[in-house]
Amino acid sequence: MSRKGLLIVVSAPSGAGKTTLCKEISRALPNLQHSISYTTRKPRPNETDGVHYFFVTQEKFNKMIKDKEFAEWAVVHGNLYGTSKKQLSEMMDGGIDVILDIDSQGAMQIKENWGNGVFVYILPPSFDDLRRRLTERNSDATNEIKKRLENAKKEIPYYKRYNYVIINDKFEKALEDLKSIITSERLKIDKFNTDMIDEKFNL
Ligand code: 5GP
């Protein structure tokens with residue numbers, strides 16, 4: 001039944017496994033797509049422009065802010081990141097459920113400005129675990145890891161402002177939890193075209 005897409009906002013401290021979870025969930029569930037953010041961060045070796053992010057200059061990003069092209073934007077770990085308003089509207093108006101992998105500053109902007117959304121926070125089992133994961137991931141330099149851990153201390157307290165919390169201890173379990181959340185949200189009465197149902201049952 002045709003309906004507007006859901007907006008699922010997922011945040012976590014860096015290293016909690018959010019990106020992998022978001023990637024896997026859009027493979028596991030139909031009709032769910034990732035929004036591709038804009039960033040001024042330099043691409044990592046395995047990243048492709050237009051797939052992982054749209055990598056843009058600071059000038060281009062600032063122009064987009066000025067032209068009000070972002071649904072939300074924030075400075076994260078010293079780089080600018082933002083979600084395109086146009087991309088978001090097109091997907092949702094087309095009935096696609098959209099998953100936003102963004103930080104809590106951006107999530108709070110969406111909460112204030114974008115009407116309804118489903119807000120999911122991913123936590124690691126502990127701070128020590130987070131430190132270990134970031135160190136083992138090894139894709140970032142030591143001072144980058146330090147910066148991400150400092151940021152995590154500021155980021156984590158936001159979890160209370162989300163609708164759902166997932167503790168990512170075992171990946172498969174966390175993925176199941178995220179699937180359950182999205183499936184339940186999809187089944188909510190306000191997501192159905194009740195006129196169409198009424199018509200079908202001659203109500
Ligand atoms: P990374 O550079 O490791 O890909 O991402 C760093 C952080 O930026 C992650 O927490 C990620 O969720 C966040 N991020 C990615 N895209 C956006 C965005 O469009 N807006 C905001 N606010 N945060 C974003």
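What follows is a short chat about the ligand site and the sheet in a predicted model.

Colleague: What should I know about the model before looking at the ligand?
Modeller: The model is predicted, so local features need pLDDT of at least 70 and side-chain atom pairs count only at pLDDT 80 or more, while totals for chains, interfaces and linings use all residues. Residues are numbered from 1 along each chain as its sequence is written, and side-chain values use heavy atoms, with hydrogens and water left out.

Colleague: OK, how many residues surround the ligand?
Modeller: There are 17, counting a residue if one of its heavy atoms lies within 4 Å, and Lys 18, Ser 37, Arg 41, Tyr 53 and Tyr 81 are the closest.

Colleague: And which side chains have an N or O atom by a ligand oxygen?
Modeller: Taking polar contacts as pairs of N or O atoms within 3.5 Å, Ser 37 has a side-chain N or O atom 2.7 Å from a ligand oxygen, and for Thr 83 the distance is 3.3 Å. A polar side-chain atom of Arg 41 also lies 2.6 Å from an oxygen of the ligand.

Colleague: Which strands supply the shell?
Modeller: Among the strands (DSSP runs of E, at least two residues), β5 (70-76) and β6 (79-84) each supply at least two shell residues.

Colleague: Switching to the sheet, what is the strand order?
Modeller: It is an open sheet of four strands, β4-β3-β6-β5, with mixed pairing, where two strands pair if DSSP finds at least two bridges between them. β4 (54-55) and β5 stand at the edges with a single partner strand each, so one side of each has no neighbour in the sheet.

Colleague: What stands opposite Tyr 38?
Modeller: Gly 82 in β6 does; β3 (residues 38-39) and β6 run antiparallel and are joined by two bridges.

Definitions and conventions:
A polar contact is a pair of N or O atoms within 3.5 Å; within protein, one must be able to donate a hydrogen and the other to accept it, and residues adjacent in sequence count only if both atoms are side-chain atoms.
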